[in-house]
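The following paragraphs lead the reader through a single protein structure, moving from its interior to a few individual residues. The structure is shown here for reference.

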Amino acid sequence: MTNPIVTALVEQGYVELTPEQHRVDPSLMVQANRINHRLINSLSRFGEAAAVWRSGEHEADLFLMQRTGSSGTDQKAFLHIAHDLDDHLPPFITSSLTQIEIDDLKRLRFFFFELHRCVGAVVRGVTQRYPALFPSDIIDRYHAAAMVSQPYATSCLRGLAYPAQANQGGAKAHFDRDFITAHCGDEGGQLFGHTSLTGGVPLPLSPKPGNILLFWGIKAMLLSEGAVMPLRHSATAVPNVERRALVFFGQVDSPEPVANAQQTWEQYWQSRGVDNPSVPYERWFQS
Ligand SMILES: [Fe+2]
């Protein structure tokens, strides 16, 4: 991984990768976008039964979640693909899937692992350029998170779809609760970064078609003890236009809660001044 990518990610908190840099097959990215649209539409027939709840989680976080957004009436759909999807699908859903849906799910899982590999290469570059930034086993933790099923520490691919609605609300400003996020396939809206570097002016950050935007989540801040900052971001939706995106949430497996995580978090918020309330991170904050 070339140093400019790594340096930009560490110093500004985000970086956009071109196909030459991320090395994910462009035709696979196009295919994944089509599949995302097709699958969310067809799987919605299962209704709430498609929202799969793993033990240890405080909410359903696997397969298809249909939620109501901040306006109270706008609908959103999230399709979550992870390595253990097959192990957790209810038998009545597995037996009802069409061959096209089964093939689509397999392709999305392949795409998930391609994004995992790409992001892992960048994380490895970070550890080489900045060896003291994260714990020395961070690469092992990152790779483990793609293959273990652990509450709040299992990497996943999210296909998101906000249907075309007059009152579609987008996403309010927030931090991702993962280690690192790869955002791609962005259509029908705009992603904004809220960084102190812009003096509070939202920065348009939707990646160009075929590109991937990488940015840090909260765990990167915790594990680096504040040396890297998670990117605060929001998304707008266009009224009566469907919004779609594919987002990879790269996690890190953690056998133990992060030492002093709560303290690090409080110091961070105090240094920022007034902002939104923090997002509780469940077991990561049990110290
Ligand atoms: Fe996000």
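In this predicted model, the buried residues of helix 3 pack against strand 3 (62-68), strand 4 (75-81), helix 6, strand 5 (156-162), strand 7 (180-187) and strand 12 (243-250). The residues of helix 3 that are buried are M29, A32, N33, I35, N36, L39 and L43. Helix 3 itself covers residues 26-43, and at 1.5 Å a residue its 18 residues should span 26 Å; the C-alpha atoms at its ends are 25 Å apart, which agrees.

The setting of this helix is a protein chain of 287 residues, of which buried residues make up 39%. Nine helices and 12 strands form the secondary structure of the chain. When contacts between residues at least 6 apart in sequence are considered, 77% of them join residues at least 24 apart.

Helix 6, one of the elements against which the buried residues of helix 3 pack, deserves separate attention. Its 31 residues should span 45 Å at 1.5 Å a residue, and its end C-alpha atoms are indeed 45 Å apart, so the two values agree. The buried residues of helix 6 are D104, L105, L108, F111, F112, L115, H116, C118, V119, V122, V123 and V126.

In soluble globular proteins, nonpolar side chains tend to be buried together. Here the largest nonpolar core has 73 residues, and L115, V119, L157 and L214 have the most contacts inside it. Helix 6 gives the most to this core, contributing 10 residues. What does L214 touch, if residues up to four places away in sequence are not counted? The partners of L214 are L9, Y14, V15, L17, V119, V122, I180 and A182.

Two packed helices are described by the angle between their axes and the distance between the axes. For helix 1 (residues 3-12) and helix 6 (residues 99-129), the angle is about 85 degrees and the axes are 9 Å apart. The two helices are therefore roughly perpendicular to each other. On the side of helix 1, the contact is made by N3, I5, V6, L9 and V10, and on the side of helix 6 by V122, G125, V126 and R129. By class, six of the residues in this contact are nonpolar, two are polar and one is charged.

Two residues stand out for their backbone angles. Most residues other than glycine have a negative phi. R23, although it is not a glycine, has a positive phi of about 60 degrees. R23 is found in the loop between helix 2 (19-22) and helix 3, and it counts as exposed because it has 12 C-beta neighbours inside 10 Å. F63 is likewise a residue other than glycine with a positive phi, here near 70 degrees. F63 lies in strand 3 and is buried, with 20 or more being the requirement and 23 other C-beta atoms lying within 10 Å of F63.

Several further residues show how parts of the chain that are separated in sequence come together. R158 has its place in strand 5. Is R158 buried or exposed? With 20 C-beta neighbours inside 10 Å, R158 counts as buried. The C-alpha atoms of R158 and I81 are separated by 6.5 Å, although the two residues are 77 residues apart along the chain. Beyond residues up to four places away in sequence, R158 touches F78, L79, H80, V247 and F249.

T195 is found in the loop between strand 8 (189-194) and strand 9 (203-204). T195 is buried, since 20 other C-beta atoms lie within 10 Å. Leaving aside residues up to four places away in sequence, T195 touches G13, L203 and L231. Between the C-alpha atoms of T195 and H233, which are 38 residues apart along the chain, the separation is 8.5 Å.

Finally, D253 lies in the loop between strand 12 and helix 9 (261-272). D253 has 19 C-beta neighbours inside 10 Å and therefore counts as partly exposed. Although D253 and V148 are 105 residues apart along the chain, their C-alpha atoms are separated by 7.8 Å. V148 is also among the residues that D253 touches, together with R141, A144, A145, Q150 and A153, not counting residues up to four places away in sequence.

Notes. Residues are numbered from 1 along each chain as its sequence is written. This is a predicted model: local features need pLDDT of at least 70, side-chain atom pairs count only at pLDDT 80 or more; totals for chains, interfaces and linings use all residues. Axes are lines fitted to C-alpha atoms, for helices over the stretch in contact, and angles run from 0 to 180 degrees between N-to-C directions. Helices (H or I, at least four residues) and strands (E, at least two) are DSSP runs, numbered from the N terminus. Angles under 35 degrees count as roughly parallel, over 145 as roughly antiparallel, 65 to 115 as roughly perpendicular and the rest as oblique. Two residues are in contact if their C-beta atoms, placed from the backbone, lie within 7 Å. Ala, Val, Leu, Ile, Met, Phe, Trp, Tyr, Cys and Pro count as nonpolar, Asp, Glu, Lys and Arg as charged, and the others, Gly among them, as polar. The expected span of a helix is 1.5 Å times one less than its number of residues. A nonpolar core is a set of buried Ala, Val, Leu, Ile, Met, Phe, Trp, Tyr and Cys residues joined through C-beta atoms within 7 Å.
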